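I opened a fresh page for this one and took my notes as I went. Come and read along with me.

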Amino acid sequence: MVALVFPGQGSQRKGMGADLFARFPDLTRQADTVLGHSVEELCRTSGDGRLDRTEYAQPALFVVSALSYLARDPGLPQPTLLAGHSLGEYGALFAAGCFDFATGVRLVRERGALMGRAQGGGMLAVLGVDGDEVQALLAGTGARQVDVANYNTPTQTVLSGPLDELRMVSAALGQRPGVRCVPVRVSAAFHSRHMRPAAQEFATFLTGFSFADPHRTVISSVTARPYGAGQVAELLSRQIESPVRWSETMAYLRERGTTELEEMGPGKVLTGLWKQGRADGAKARAVAPAPVAVAAGVPAAAAARTPASSAPVAARAATAAPARPSNPAPPAPRTAPSPASPVPPASVSRGQRAEELGSAEFRQDYGIRYAYLAGAMFRGIASAELVIRMGRAGLMGFFGAGGLGLDKVESALVRIKDALGPDGRYGMNLLHSIDDPAYEHAVVDLCLKHGVHDVEAAGFTQLTPAVVQFRFSGAHRDAAGRPVAVRRVLAKVSRPEVAAAFMAPAPAAILRRLTADGRLTPQEAEIAAELPVGQDICVEADSGGHTDGGAALTLLPSMIRHRDAAMARHGYGRRIRIGAAGGIGAPEAVAAAFVLGADFVLTGSVNQCSPEAGTSDAVKDILAGLDVQDTAYAPAGDMFEIGARVQVVRKGTLFAARGNKLYQLYRSHDSWESIDTGTRRSVEETYFKRPFAEVWEETRAYHLGRGRDAEIEKADRLPKHRMALAFRWYFARSVRWGLEGEPTQKVNYQIQCGPAIGAFNHVVRGTGLEDWRHRHVDLIAEHLMTGAADVLARR
């Protein structure tokens with residue numbers, strides 16, 4: 001008896017379906033309409049590599065497999081048993097009449113998009129040992145976050161999990177006679193517990209569809225048993241995070257009398273697995289490897305060619321072609337705290353996993369896997385690449401727009417939107433400009449023009465019209481008359497009075513001004529009087545950049561009480577959420593934030609030492625060598641005269657000492673000329689590396705070029721102001737020298753950074769993340785969040 005089987009991702013190849021599209025022009029057009037691109041063109045040319053990307057590969061493979069089924073000779077017997085390897089199950093369900101062709105394309109388009117956004121972690125094929133034994137052997141390796149993703153044959157099993165644990169497993173199992181461990185070139189830990197957020201999101205998506213029960217027997221790869229009545233949506237959502245039980249599925253087919261497979265789609269990977277599994281027998285312990293299929297995974301040859309001794313797994317995963325699916329076993333049980341343990345806050349409960357920490361509402365609103373954000377670092381240090389990588393990993397980061405020209409901000413916005421799509425997970429930084437409110441408005445205008453939904457408001461000492469305009473542009477009332485703001489402001493604050501301003505509705509004076517200027521409609525202004533300016537407040541403790549040096553243990557509980565008071569005072573319908581930033585450099589710090597009641601955490605300094613950060617390799621080399629005591633405080637160049645401070649790197653650079661010296665000179669003298677000759681010569685020769693007169697001319701031209709004539713007029717009248725503007729030149733240049741890695745100015749690098757980087761350096765010492773070139777921002781997030789869950793579970 002013959003069974004029809006449908007292959008999973010990894011079976012796609014350039015040129016597939018060439019003889020099918022012309023035979024089914026109407027269905028091909030339907031697919032093109034749903035996908036927004038020509039599936040025939042993609043398959044014919046591979047679309048410059050897009051055919052290997054999960055979000056493109058899955059729909060294309062479904063289309064080719066479904067058309068292959070429709071093109072099957074109608075004179076052949078119609079098999080009554082069908083199965084599919086992960087993605088291939090959609091082809092089997094289509095053939096069994098559960099949904100029509102266009103619906104199938106819509107389903108796999110969403111599935112591919114969700115799985116394509118997953119990043120971090122990887123997969124490992126284990127060859128030559130029984131799958132049941134692999135599960136038992138895992139317990140002895142010390143790996144707690146690794147799951148079995150695929151049971152392909154009795155002697156071929158694929159594991160999924162964090163890269164560092166997979167390396168540990170490979171080293172342990174690879175020592176056993178006859179066992180080979182082969183890293184699989186994928187970008188995430190597919191078919192494992194780490195895909196649960198994607199599975200949950202897909203389950204929500206499936207609620208919009210109605211499915212017929214199969215009119216032929218379809219074997220589920222989740223259960224290795226036939227689909228029952230009403231099970232299509234349930235099993236398809238579970239499939240994303242469950243192991244692919246292909247070996248058991250094939251055993252079930254053999255028990256039902258199947259002697260041969262007919263594979264619908266390109267390649268014969270499943271046919272190879274069938275032959276190998278039949279040769280091994282249900283309990284064989286054969287050593288010879290079968291083709292490796294990774295449920296939406298790589299074909300046999302690709303995995304087998306991957307040298308186990310090549311570049312570190314973290315590096316390979318970062319450069320590999322995007323995801324190809326896999327599935328997980330249930331997570332290992334966690335040690336419960338003793339009955340005497342104190343009851344944890346709402347954001348933490350016993351036995352939670354990383355994706356369950358913090359506020360579920362926050363994760364849902366932002367559409368992210370973890371209650372974790374990568375904060376903005378000015379001048380594009382939080383780069384477009386960083387934001388895109390986070391978005392593709394099912395996480396979110398804010399682009400560091402502060403201090404950049406508007407053309408660079410818009411260019412980055414366009415790049416991020418193109419990469420992540422209009423509904424992608426990303427946000428923009430809105431940095432308070434005390435001396436240039438027009439710039440603030442210009443950044444907001446760009447955000448509104450490009451449909452940005454989230455900004456991180458940083459450095460604010462008071463509310464400004466620009467931040468209020470962003471928050472309430474597009475605000476309206478829903479069908480029940482409730483106020484709705486379609487944009488979010490996440491306010492980073494360290495002072496109660498600033499937090500109180502963001503927790504309150506917008507001031508009437510600002511609303512009148514915005515309405516008069518046509519920046520808000522009367523209805524938007526009316527709603528702004530009913531909702532808080534900041535729906536999310538991030539409490540910033542001792543951190544890099546602008547900071548008041550506050551302690552999280554003091555600030556966070558105080559801010560939560562301020563929030564509770566604001567909620568009671570204003571009677572909001574939704575709770576204002578409180579996050580924690582500053583000092584988030586170790587899993588223990590993340591865990592502590594959630595124990596204190598934080599709804600989310602936000603990182604900064606640790607992300608500056610990543611391949612995606614928009615600063616020089618020279619700066620990253622310095623950061624990777626820091627300890628927790630290697631930072632200091634220096635004047636903030638943008639708020640030099642009022643004495644605001646930033647935290648910067650002290651080790652390897654003299655900027656902190658020199659910046660403080662300049663501020664001391666400013667405080668003590670009324671003009672440059674009143675400073676003694678020796679000190680002036682020292683500043684010119686060691687700080688500026690040029691005469692003061694040249695610095696002033698360059699500063700003057702800069703301000704006049706930006707329309708700041710009033711600044712120059714003030715400097716002409718007040719020599720002290722002239723000195724301040726010239727000193728600020730040094731602060732701006734010190735940042736640029738660091739960003740560009742100017743080798744002759746290393747002692748003058750201004751690297752804004754907090755002690756969290758020192759803590760993280762300790763955490764990753766001796767692991768694959770010790771080298772910053774492997775510290776991709778999503779892996780940093782994964783390390784901190786899963787580590788925090790482990791900390792809480794142990795205690």
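**A buried arginine, to begin with**

I started with Arg425, which counts as buried at 10% relative accessibility. I should say at once that I am working with a predicted model.

What does Arg425 pair with? I looked it up and found a salt bridge to Glu201, with the closest N and O atoms 3.3 Å apart. The two ends sit in distant parts of the chain: Glu201 is in helix H8 (residues 196-206), while Arg425 is in the loop between helix H16 (406-420) and strand E11 (427-431), 224 residues apart. I then checked the cover on the partner, and Glu201 counts as partly exposed at 32% relative accessibility.

**More salt bridges**

How many salt bridges does a search of the whole structure find? I noted 38. I reminded myself that side chains of opposite charge can pair when their charged atoms come close.

Next I picked the pair of Glu262 and Arg72, whose closest N and O atoms are 2.8 Å apart. Glu262 lies in strand E8 (residues 260-263) and Arg72 in the loop between helix H3 (54-70) and strand E2 (81-84), so this bridge ties together parts that are 190 residues apart in sequence. Arg72 is buried, with a relative accessible area of 11%.

My next stop was Arg488, which forms a salt bridge with Asp454; here the closest N and O atoms are 2.6 Å apart. Arg488 belongs to strand E15 (residues 488-493) and Asp454 to strand E12 (residues 454-458), so the pair joins parts that are 34 residues apart in sequence. Are these two buried or exposed? I found that Arg488 is buried, and Asp454 is buried as well.

I also came across a network of salt bridges, and its members are Glu361, Asp365, Asp536, Arg574 and Arg577.

**Stepping back to the whole chain**

I wanted the overall picture, and I counted on the program for it: the protein chain has 32 helices and 21 strands. Its radius of gyration is 29 Å, close to the 28 Å that the globule rule gives for 795 residues, so the chain is as compact as a globular protein of that length. Along the principal axes, the C-alpha atoms fill a box of roughly 100 × 60 × 60 Å.

How much of the chain is buried? I wrote down 59% of the 795 residues. I looked at contacts too: among those with a separation of 6 or more, 74% come from residues 24 or more positions apart. The accessible surface comes to about 29,900 Å², and carbon and sulfur atoms account for 52% of that.

For charge, I noted 89 positive and 82 negative side chains, with the centres of the two sets 3 Å apart.

**Two backbone angles to mark**

Before this step I jotted down that most residues other than glycine have a negative phi. Which way does phi of Ser46 go, positive or negative? It is positive, near 70 degrees, and Ser46 is not a glycine. I located Ser46 in the loop between helix H2 (39-45) and H3, and at 19% relative accessibility Ser46 counts as buried.

Arg379 went on the same page, with a positive phi of about 55 degrees although it is not a glycine. Arg379 lies in the loop between strand E9 (372-374) and helix H15 (384-392). At 24% relative accessibility, Arg379 counts as partly exposed.

**Two neighbourhoods**

I visited Val606 next, in helix H24 (residues 605-608). Val606 counts as buried, at 0% relative accessibility. What does Val606 touch? Not counting residues up to four places away in sequence, I listed Ile584, Gly585, Ala756, Ile757, Phe760 and Ile780. I also took the C-alpha separation of Val606 and Tyr633, which are 27 residues apart along the chain, and got 18 Å.

My last entry is Arg225, in the loop between strand E7 (217-219) and helix H9 (232-239). At 43% relative accessibility, Arg225 counts as partly exposed. Leaving aside its neighbours within four places in sequence, Arg225 is in contact with Val218, Ile219, Ser220 and Tyr252. Pro611 is 386 residues from Arg225 along the chain, and their C-alpha atoms are separated by 45 Å.

Technical notes. Residues numbered from 1 in each chain as written. Predicted model: local features only at pLDDT ≥ 70, side-chain atom pairs only at ≥ 80, totals over all residues. Heavy atoms only, no water. Salt bridge = Lys/Arg side-chain N within 4 Å of Asp/Glu carboxyl O. Helix = DSSP H or I, 4+ residues; strand = E, 2+ residues; numbered from the N terminus. Buried < 20%, exposed > 50% of the residue type's maximum accessible area, 1.4 Å probe, protein only. Rg over C-alpha atoms; globule rule 2.2 N^0.38 Å. Contact = heavy atoms within 4.5 Å. Areas by Shrake-Rupley, 256 points an atom, 1.4 Å probe, with all protein chains shown as cover. Lys, Arg positive; Asp, Glu negative; His and termini not counted. Charge placed at Lys NZ, Arg CZ, Asp CG, Glu CD.
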